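Colleague: I would like to go through this model with a few short questions. Please show it to me before we start.

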Amino acid sequence: MKTAALFLGGSYPSSKEFYNGRLSKADLVVAVDSGAEMLRCLGVYPHLLVGDMDSLSRSSYEWCVEHGSETLLLPVEKDDTDTEIAIRELERRGISEVEVFGATGKRPDHFIATIFSIYNACNRLKILISEENLQIGIIRGFSVFNVQIGETWSFFPFGENIPSVTLYGFKYPLLDHMLDYSKPLGVSNVTVEKEITVFCKGGTLLYFRWLKEFW
């Protein structure tokens, strides 16, 4: 199973120790445009640099090239985002799991676009947005998680179909509940067991997991 660490151009609220620890587990390190700035701060050059380079400094671009980074240069005017293209390239290279960093922060519209990119690829890749105290992911079907008691989770329907949702191991359980867009019922649930079960039937769930303690 090949894994990739994908660094985007958003904010980086976590510690350097966190990012270095996650990088050590990745087979492929990829930067999308100014995501390379964070990798330069960590002293880790990307294996692959993707983007139109409209937000990456020239010095950081040259640093990547000098250290042997493969570059996939894109036109500024295009229908797909740099992140979409990077994810497709990872899939083409046989990557099966992607951990995304720098997705949140600076541009809320870019964050939403990244969520759409993850949604469009989630049938083919396992993709997770990670920070030191937060995970954001997609659930379809049946999932079991090992957690700490007291974690805060939020669930939202995502996509065309309204899912029927069952939750076990939470303070507020659900049983075959149609979680639609009319009411944010899934916000701020709390784990009360060390193992939780989420069953999403007939649709897709977007989840936010606020970790009780840093990794």
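Modeller: Two strands pair if DSSP finds at least two bridges between them. Bear in mind that this is a predicted model.

Colleague: Which residue in β3 is the bridge partner of A31?

Modeller: β2 and β3 run parallel and are joined by three bridges. Between these strands the chain passes through α2, in a right-handed β-α-β crossover. The partner of A31 in β3 is L49.

Colleague: Which residue in β4 stands opposite L49?

Modeller: β3 also pairs with β4, in the parallel sense, over four bridges. The chain gets from β3 to β4 through α3, and this β-α-β crossover is right-handed. Opposite L49 in β4 stands T71.

Colleague: Which residue of β3 points the other way together with L49, away from L48 and V50?

Modeller: Strand β3 covers residues 48-51, and all are buried. L48 and V50 point one way, while L49 points the other way together with G51.

Colleague: Is S69 buried or exposed?

Modeller: S69 sits in the loop between α3 and β4. Its contacts, apart from neighbours within four places in sequence, are Y45, P46, H47 and C64. The side chain of S69 also reaches the backbone oxygen of P46 at 2.5 Å. The cut-off for buried is under 20% relative accessible area, so at 9% relative accessibility S69 counts as buried.

Colleague: Within what arc do the buried residues of α1 fall?

Modeller: The buried residues of α1 are F18, Y19, R22 and L23. Seen down the helix axis, they line one face of α1, because they fall within an arc of 130°.

Conventions:
Residues numbered from 1 in each chain as written. Predicted model: local features only at pLDDT ≥ 70, side-chain atom pairs only at ≥ 80, totals over all residues. Heavy atoms only, no water. Buried < 20%, exposed > 50% of the residue type's maximum accessible area, 1.4 Å probe, protein only. Helix = DSSP H or I, 4+ residues; strand = E, 2+ residues; numbered from the N terminus. Arc of directions from axis to C-beta. Polar contact = N/O pair within 3.5 Å; in protein donor to acceptor, adjacent residues only side chain to side chain. Contact = heavy atoms within 4.5 Å. Right-handed = clockwise from strand over helix to strand, strands pointing away.
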